[in-house]
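I opened this entry to keep track of what I looked up. The notes are in the order I made them.

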Amino acid sequence: MQRMTGLLVGAVFGTVFVVVNAQSPLNTVTVNLLRVAACLGAVSVIAMWFATARKERPAAGPQRNMFGRGYLIVVVAEAILLFGGLRMFAAWGRPEQINVAWVAFVVGVHFIALAPVWKDRGIAVPGVVLALLGAAGLVMASTAAVAWVPFVSGVLSGIVLLTGTAAFGWRAMTARTA
């Protein structure tokens, strides 16, 4: 159930990435379609969470705590990097679009760092993709393509999170019902 809760958190953040960053230079129809699709993706993960929770039976014996010391260390480091970086970019007078690129990069690195803590290489994959999308946005922020940073680092990162959480959620749900 802890893993499904992690997927729920990922789906919510993925939806936020899309809803907040789907904006100009995209046209209004595309923006609205992306936002609706993101919300539907989150609703599907929430539905899988409830379906899994209803069928979940507590396992006998001790449960592995995914949110132990290693997790807390990664999250504290993430918060320091995230907010420290945002302040640094503001102090340097960088365009505000760089913020979403930094967030995507740090969140991606956070997943990569959690992979060995949780002994789950599968979460490193979306982590690498998010880190690369964030890095691309960091580079783009210094170019004429700066207006596309929210799409590349925000919307695409949100789509990666939503797709990953829906796929892992579906696999978890169907494995329990099989």
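Below are my notes on helices, a pocket, aromatic pairs and backbone oddities.

**Ground rules.** I am working with a predicted model, where local features need pLDDT of at least 70, side-chain atom pairs count only at pLDDT 80 or more, and totals for chains, interfaces and linings use all residues. Residues are numbered from 1 along each chain as its sequence is written, and side-chain values use heavy atoms, with hydrogens and water left out.

**Helix α2.** I took helices as DSSP runs (H or I, at least four residues), numbered from the N terminus. I checked the length of α2, residues 28–55, first. The expected span of a helix is 1.5 Å times one less than its number of residues. For the 28 residues of α2 that gives 40 Å, and the end C-alpha atoms are 41 Å apart, which agrees. Next I looked up burial (buried is under 20% relative accessible area, exposed over 50%, partly exposed in between; 1.4 Å probe, protein chains only). Buried residues of α2 include Val 31, Leu 34, Gly 41, Val 45 and Met 48. At the N-terminal end, Asn 27 caps α2, with a side-chain oxygen 3.1 Å from the backbone nitrogen of Val 29.

**Helix α5.** I repeated the length check on α5, residues 124–140. Its 17 residues should span 24 Å, and the end C-alpha atoms are 24 Å apart, in agreement. Among the buried residues here are Pro 126, Leu 130, Leu 133 and Met 140. Val 125, also in α5, is exposed at 55% relative accessible area. I noted its C-alpha 9.3 Å from that of Gly 164, with their positions 39 residues apart in sequence.

**Largest pocket.** I used a 1 Å grid over the protein atoms alone; a pocket is an open set of points where a 1.4 Å probe fits, with protein on both sides within 12 Å along at least five of seven lines, and lining residues have an atom within 4 Å of a point. The largest pocket has a volume of about 870 Å³. Which of its 38 lining residues are closest to the centre? They are Gly 10, Phe 13, Val 107, Phe 111 and Leu 161. Helices α1, α3, α4 and α6 each supply at least two lining residues. The most come from α1, with eleven. The lining divides into 23 nonpolar, eleven polar and four charged residues.

**Aromatic pairs.** I paired rings of Phe, Tyr and Trp (its six-membered ring) with centres within 6.5 Å; planes under 30 degrees apart are stacked, over 60 edge-to-face, the rest tilted. The count comes to eight pairs. Phe 67 and Trp 118 are edge-to-face, because their centres are 6.1 Å apart and their planes at 90°. Phe 67 sits in the loop between α2 and α3 and Trp 118 in α4, so the pair ties together parts 51 residues apart in sequence. Phe 67 is partly exposed at 30%, whereas Trp 118 is buried at 11%. Phe 89 and Trp 92 are also edge-to-face, at 6.2 Å and 75°. Phe 89 is buried at 8%; Trp 92 is exposed at 57%. Both belong to one aromatic cluster with Trp 102 and Phe 105.

**Backbone oddities.** A cis peptide bond joins Ser 24 and Pro 25, with omega about 20°. Pro 25 lies in the loop between α1 and α2. Lys 119 is not a glycine, yet has a positive phi of about 55°. I found Lys 119 in the loop between α4 and α5, exposed at 74%.

Note on methods:
Polar contact = N/O pair within 3.5 Å; in protein donor to acceptor, adjacent residues only side chain to side chain. Points joined across faces, edges and corners; volume = space filled by probe spheres on them. Nonpolar A, V, L, I, M, F, W, Y, C, P; charged D, E, K, R; others polar.
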